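Grab a pencil and try a few short exercises on the structure shown below. Each one comes with a solution that goes step by step.

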Amino acid sequence: MQVLTTIAEVRAARTRWPALGFAPTMGYLHAGHISLVERARAECGAALASIFVNPTQFGPNEDLDRYPRDPEGDLARLEAAGADAVFLPSPEVIYPPGFSASLDLGDVTRRLEGAVRPHHFAGVATVVTKLFNIVQPTRAYFGQKDAQQCVVIRKLVQDLDLPVEIVVGDTVREPDGLALSSRNSYLTPDQRARAPALHRALTAAQQAHAAGERNAEALRAIIRRTLGEDLAPATDYVSIADPDTLEELTTVSGGALASLAVRFGATRLIDNVRLQP
Ligand code: AMP
């Protein structure tokens, strides 16, 4: 596995692969990340992962400084997953002095996570555009765990005609349903024990939808009820939205995205499930 730290090194390495699958990450890798790398390799013949904790997608009071890091463990995991290369840029490589661009993709970035994290998706869209231009992947792999991010990236690719195919991989979960996340490492044992409530609540909505419930507010109520009273004050949003525009629905007629964000102390967890048409 090649370890690349400069743009020139990535460009030189890129010439070796006719097709390349790319999995951008912020490191502290878990089985969710690895599933994307393995799929990239299987489908494209070569896989490159990036590890970059992107400062511009963190708000001033968020966890940039304490975001978990484990570079050596990450390299070992990527090597074991069969990655061909990893790109580990420093912040200066991505944001040299004088850098000032920022991409605004409109309404879809202001709902849900965007309402709570106003500059988050501009940071994501800008860094992903740069990474696509540097890596020039055939396909790029993102996780359904960050459903709104997937919607934003698809819009980015569509609006700017970026020559890359976006692939979305299923959310990888713990046996008790908790979606794997680097941020799970922040949870205290008590918070960790309560965290599976997110997936339980989303599953309850999924079951009600499968049984015929089409009223979006009734589905939101099921989620809130299953989350329980103790998590109600810590819930940032409970959403039943159009899967493409993320507009809140009144009635679920086609497919929908059921999503939520809940705070456990200073740790914010997000999760979602799709309601199939
Ligand atoms: P992050 O390192 O959190 O920026 O995540 C990097 C990529 O891994 C993103 O495309 C995430 O959506 C994806 N990812 C994170 N957690 C999971 C998970 N539990 N299952 C599948 N993909 C995930």
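**Exercise 1.** Find the loop that holds Gln136, then work out what stands out about its phi and whether the residue is buried, partly exposed or exposed.

*Solution.* Keep in mind that you're looking at a predicted model. Start with the place: Gln136 sits in the loop between helix 6 (120-135) and strand 5. Next, check the backbone: phi of Gln136 is near 50°, which is a positive value in a residue other than glycine. Last, the surface: buried means under 20% relative accessible area and exposed means over 50%. Gln136 has 46% relative accessibility, so it counts as partly exposed.

**Exercise 2.** Do the same for Leu112: which loop is it in, what is its phi, and is it buried or exposed?

*Solution.* Leu112 belongs to the loop between helix 4 (91-94) and helix 5 (113-116). Its phi is positive too, about 45°, although Leu112 is not a glycine. With a relative accessibility of 10%, Leu112 counts as buried.

**Exercise 3.** Classify the ring pairs Phe58 with Tyr67 and Tyr95 with Phe99.

*Solution.* The structure has five aromatic pairs. Planes over 60 degrees apart count as edge-to-face. For Phe58 and Tyr67, the centres are 5.8 Å apart with 80° between the planes, and the pair is edge-to-face. Both partners are tucked away: Phe58 is buried at 9% relative accessibility, and Tyr67 is buried at 7%. Now take Tyr95 and Phe99: their centres are 5.0 Å apart and the planes meet at 70°, so this pair is edge-to-face as well. Tyr95 is buried at 15%, whereas Phe99, at 29%, is partly exposed.

**Exercise 4.** Which residues do ring pairs link into a cluster, and which ring has the charged end of Arg66 over it?

*Solution.* The cluster is made up of Phe22, Phe132 and Phe142. As for Arg66, its charged end sits over the ring of Tyr186, 4.1 Å from the ring centre.

**Exercise 5.** Describe the surroundings of the ligand: who comes nearest, and which backbone atoms are in polar contact with it?

*Solution.* Begin with the neighbours. There are 17 residues around the ligand, and Met26, His33, Asp146, Val172 and Leu180 come nearest. Then look at backbone contacts. A polar backbone atom of Met26 is 2.9 Å from a ligand oxygen. On the nitrogen side, a ligand nitrogen is 2.8 Å from a polar backbone atom of Val172, and a ligand nitrogen is 2.9 Å from one of Leu180. How much of the ligand gets covered? Taken alone it exposes 490 Å², and the protein buries 92% of that.

Now for the elements: strand 2 (21-25), helix 2 (31-44) and strand 5 (139-143) each give two or more residues to the shell. Helix 2 gives the most, with three residues. Sorted by type, the shell residues are seven nonpolar, seven polar and three charged.

**Exercise 6.** Where does Ser182 lie, is it buried or exposed, and which backbone oxygens does its side chain reach?

*Solution.* First, Ser182 is in the loop between strand 6 (165-169) and helix 8 (189-194). Second, Ser182 has a relative accessible area of 5%, so it is buried. Third, follow its side chain: the Ser182 side chain reaches the backbone oxygen of Gly27 at 3.4 Å, and it reaches the backbone oxygen of Tyr28 at 3.4 Å.

Notes
Residues are numbered from 1 along each chain as its sequence is written. Side-chain values use heavy atoms; hydrogens and water are left out. Rings of Phe, Tyr and Trp (its six-membered ring) pair if their centres lie within 6.5 Å; planes under 30 degrees apart count as stacked, over 60 as edge-to-face and the rest as tilted. Buried means under 20% relative accessible area, exposed over 50%, partly exposed in between (1.4 Å probe, protein chains only). A charge sits over a ring if NZ of Lys or CZ of Arg is within 6 Å of the ring centre and within 35 degrees of the ring normal. A residue is near a molecule or strand if one of its heavy atoms lies within 4 Å of it. A polar contact is a pair of N or O atoms within 3.5 Å; within protein, one must be able to donate a hydrogen and the other to accept it, and residues adjacent in sequence count only if both atoms are side-chain atoms. Accessible areas come from the Shrake-Rupley method with a 1.4 Å probe; for residues, only the protein chains shown count as cover. Helices (H or I, at least four residues) and strands (E, at least two) are DSSP runs, numbered from the N terminus. Ala, Val, Leu, Ile, Met, Phe, Trp, Tyr, Cys and Pro count as nonpolar, Asp, Glu, Lys and Arg as charged, and the others, Gly among them, as polar.
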